[in-house]
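Subject: The structure, plus some notes

Hi,

Here's the structure I promised to send over. Have a look at it first, and then read my notes below.

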Amino acid sequence: MNTLTLPPAFANQMNAQLGADFPLFVDALASPTPVSIRVNPRKQALDTTNLDRVPWCPEGFYLPERPNFTVDPLFQAGGYYVQEASSMLLSETIRQTANLARPLRVLDLCGAPGGKSTLLASMLTPDSLLICNEVIRSRVSVLRQNIDKWGYPNVVVSNHDPEDLTNLSGYFDIILVDAPCSGEGLFRKDPEAVDEWSEANVDLCAARQKRILAAAAPLLDTGGLLIYSTCTYNTQENDDNMRYLATNGFKNRPLDLPADWQIVEKRVDGAVGYQCYPHRVKGEGFFISVFEKTSFTAAVKLNARTFRSIRALRPRETASVSAWLQHPKAFSYWEKPNGDVMALPTALEKTFLFLDSAIHSKGFGIELGQFKGTDFIPSHTLALSTAIRSDLPGVELSLEEALRYFKKENLVLDQPVKGWQLARFGGLNLGWMKGVGQRVNNYLPKDWRIRMDIREYI
């Protein structure tokens, strides 16, 4: 059993909110934290046969115990994402409220580290657009890495404060605001959140959330969905911001959730949100609500003559790089000023070219690699992409070899190999190697290297 001393003001708040359930809530916080993952539907390699499912997410599963994910090559390859089960309620929320049969423009406004972004990517059609934005610059790199692992070509990573996106007014069909909050729902998972909690911080978080929602509202098309979520129980954050949306150009969209899921409805002035409590669900504290925009915002129009900082590849260059993809005609090919070559889905080409000047992009489409003289050096992003050719040369590694690969050691293989080879484990691509004479050079990027001691795992 964990011991957790709750701040008195928080304990009083939850006692008033839960009544007779409060002792059960306290007991739940002292119990072990559930471990859950969500598999990548385009990289299905993990055996989930004997795992319990997360009821509200078809790709979500509970693990019997927490392994060391760092030393699982399937995790490093983007075969699954480690995500708290309650937050996967976003999956059912989207299924009930969005038209997933058509292309959508979706913005995850507070995207890092990428759990909900990768969930959204898995649900959208390939010709939908997903922008994963992160306000805090230091958190963009982990968001980008998780998006690269997931491997979907129709995703953009950006770094903007919500107020900076006014040039995208009326642009989006769905905006997710998974708002920075007081973190009450993470007390069991992250005991440090208990020490950081205070009534003053709750005030600060509630005000910040309202500012973010106010900035997000104009970016949504009329009839579009704004999904507001937090990992807190606090009425000042959840209820007050629900009330704010319901009285500022939005109507609430209720969900139909089975009673046996034990998710609590929270009603505020005709609006309803959904609260997960750890004594009711196998997960942490999480809140979500959905609103449809009823006020009118003029939607931005794409400008085909917008200034672009990238150039289209010449036919000979295109022939060289397109051969790395499974369906080369589904993409157009471009080069950035720094030499990075990209493949853009043709269905989204005009959109991506517009976004190239409209936002500070940290990556979109598929980063294919760079030309070095007459050679082409493929990128790690290409190796992890779901659009890469399935018949490219590769070597299936043992667990020991895969972990040595992630330590960025040069491998000694049983059979000599020549040229570019994909390192694979369980059928999933891990990255690139290149056979040169008797050597096999490891092309894993330095910032992807595992730094921990792996000896006990091999």
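Let me start towards the far end of the numbering. Lys408 sits in the loop that runs between helix H13 (399-406) and strand S20 (419-425). Keep in mind that this is a predicted model. The backbone at Lys408 caught my eye: phi is near 65 degrees, a positive value in a residue other than glycine. Most residues other than glycine have a negative phi. With a relative accessible area of 27%, Lys408 is partly exposed.

Gln262 is another one to look at. Its phi is positive too, at about 65 degrees, and Gln262 is not a glycine either. You'll find Gln262 in the loop between strand S9 (250-252) and strand S10 (264-268). Gln262 counts as partly exposed, because its relative accessibility is 35% and that category runs from 20% to 50%.

While we're on the backbone, check the peptide bond from Ala112 to Pro113: it is cis, with omega near 5 degrees. Most peptide bonds are trans. Pro113 belongs to the loop between strand S4 (105-108) and helix H5 (115-123).

Now for the inside. The largest nonpolar core has 43 residues, and Trp56 and Ile263 touch the most other members. If you click on Trp56 and skip anything up to four places away in sequence, its contacts include Tyr62, Met88, Leu89, Trp261, Ile263 and Val281. Polar residues turn up around Trp56 as well, among them Ser86, Ser91 and Glu92. Apart from that core lies another, of 40 residues, with Leu109, Leu165, Val177 and Leu344 among them. As a rule, nonpolar side chains in soluble globular proteins tend to be buried together.

Val177 is a good way into that other core. It lies in strand S7 (residues 172-178) and is buried, at 0% relative accessibility. Beyond its sequence neighbours up to four places away, Val177 touches Leu109, Ile212, Leu213, Ala216, Leu226, Ile227, Tyr228 and Ser229. Val177 and Ile288 are 111 residues apart along the chain, yet their C-alpha atoms are separated by 9.8 Å.

One last stop is Thr97, in helix H4 (residues 89-97). Is Thr97 buried or exposed? It is buried, because its relative accessible area is 9%, and the cut-off is under 20%. Leaving aside neighbours within four places in sequence, Thr97 is in contact with Leu225, Arg253, Leu255 and Val290.

Cheers

How values were computed
Residues numbered from 1 in each chain as written. Predicted model: local features only at pLDDT ≥ 70, side-chain atom pairs only at ≥ 80, totals over all residues. Heavy atoms only, no water. Helix = DSSP H or I, 4+ residues; strand = E, 2+ residues; numbered from the N terminus. Buried < 20%, exposed > 50% of the residue type's maximum accessible area, 1.4 Å probe, protein only. Contact = heavy atoms within 4.5 Å. Core = buried A, V, L, I, M, F, W, Y, C linked by side-chain atoms within 4.5 Å.
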